[in-house]
Amino acid sequence: MNTIFKSLLIFVVSLFASNSVQAQDYSDPKYLAGAVPEEKGYVVFRQHFDCPGKTQKEIFDALNDYTVNNLLKSKIRLPQCRVTQATREEGTIAASMEETLTFKSTNWILDTARFFFQVVFEAKDGGFDAMLRRIHYIYEPMEVHGVETGLTAEDWITDREALNKKGQLRKVGGKKFRRATIDRKDQLFENAYKAVMKN
């Protein structure tokens, strides 16, 4: 991302972020160094879940149901959500997602961004792998003359972009986008695990 353009974007977001980052604890290690992994220069979240006694078919069916009936029908979903792969033989489910990512919601303030990502589940006997990748955002306050400006995870929430020299969260990329992304990833993965284990 162009340095001057990015500096302008940071300034604009800072104006809208000031009321969204007060009175919160930002010292939790889950948001600090190493919390946003990269693979070949791209942000990719991965997590393995053990599901003892569950077959690949049982896990696949539960994850497919979770994807179709939970993720694709959630209150925060936006129009571009769709399943892009569901291969029972391989145990793979993939969906391209567009959601509303909320930073702050009160009677006076509604601060949100459009959140795009791909979620992939790979079911196996006894467990599954979950992955979140291809992450980017559209933040309306950054629109210039009605033109949408996309923000990639790589330019916004990585350690080098979201943390200062002391390893603390920067105001915009860290305290806002990075925290909200990690929280949504954790929620999505944990709900997938619960969906598999409830049967």
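**Exercise 1.** Decide for Y137 in this predicted model: buried or exposed?

*Solution.* Take the relative accessibility of Y137: 0%. The cut-off for buried is under 20%. Y137 therefore counts as buried.

**Exercise 2.** Classify the aromatic pair of Y137 and F115, and place both residues in the chain.

*Solution.* Start with the geometry. The ring centres of F115 and Y137 are 5.5 Å apart, with 15° between the planes. Planes under 30 degrees apart count as stacked. The pair is stacked. Now the location. F115 belongs to strand β6 (residues 110-124). Y137 belongs to strand β7 (residues 127-138). The two residues are 22 residues apart, and their pair links distant parts of the chain.

**Exercise 3.** Classify the pair of F115 and F117, then give the burial of each residue.

*Solution.* The structure holds 12 aromatic pairs. For F115 and F117, the centres lie 4.7 Å apart and the planes stand at 40°, so this pair is tilted. Next, burial. F115 has a relative accessible area of 0% and is buried. F117 has 3% and is buried.

**Exercise 4.** Which residues form one aromatic cluster with F115, F117 and Y137?

*Solution.* Add F103, Y139, W156 and F177. Together with F115, F117 and Y137, they form one cluster.

**Exercise 5.** Which residue has its charged end over the ring of Y31?

*Solution.* Look at R179. Its charged end sits over the Y31 ring, 4.4 Å from the ring centre. The distance cut-off is within 6 Å.

Methods:
Residues are numbered from 1 along each chain as its sequence is written. This is a predicted model: local features need pLDDT of at least 70, side-chain atom pairs count only at pLDDT 80 or more; totals for chains, interfaces and linings use all residues. Side-chain values use heavy atoms; hydrogens and water are left out. Rings of Phe, Tyr and Trp (its six-membered ring) pair if their centres lie within 6.5 Å; planes under 30 degrees apart count as stacked, over 60 as edge-to-face and the rest as tilted. Buried means under 20% relative accessible area, exposed over 50%, partly exposed in between (1.4 Å probe, protein chains only). Helices (H or I, at least four residues) and strands (E, at least two) are DSSP runs, numbered from the N terminus. A charge sits over a ring if NZ of Lys or CZ of Arg is within 6 Å of the ring centre and within 35 degrees of the ring normal.
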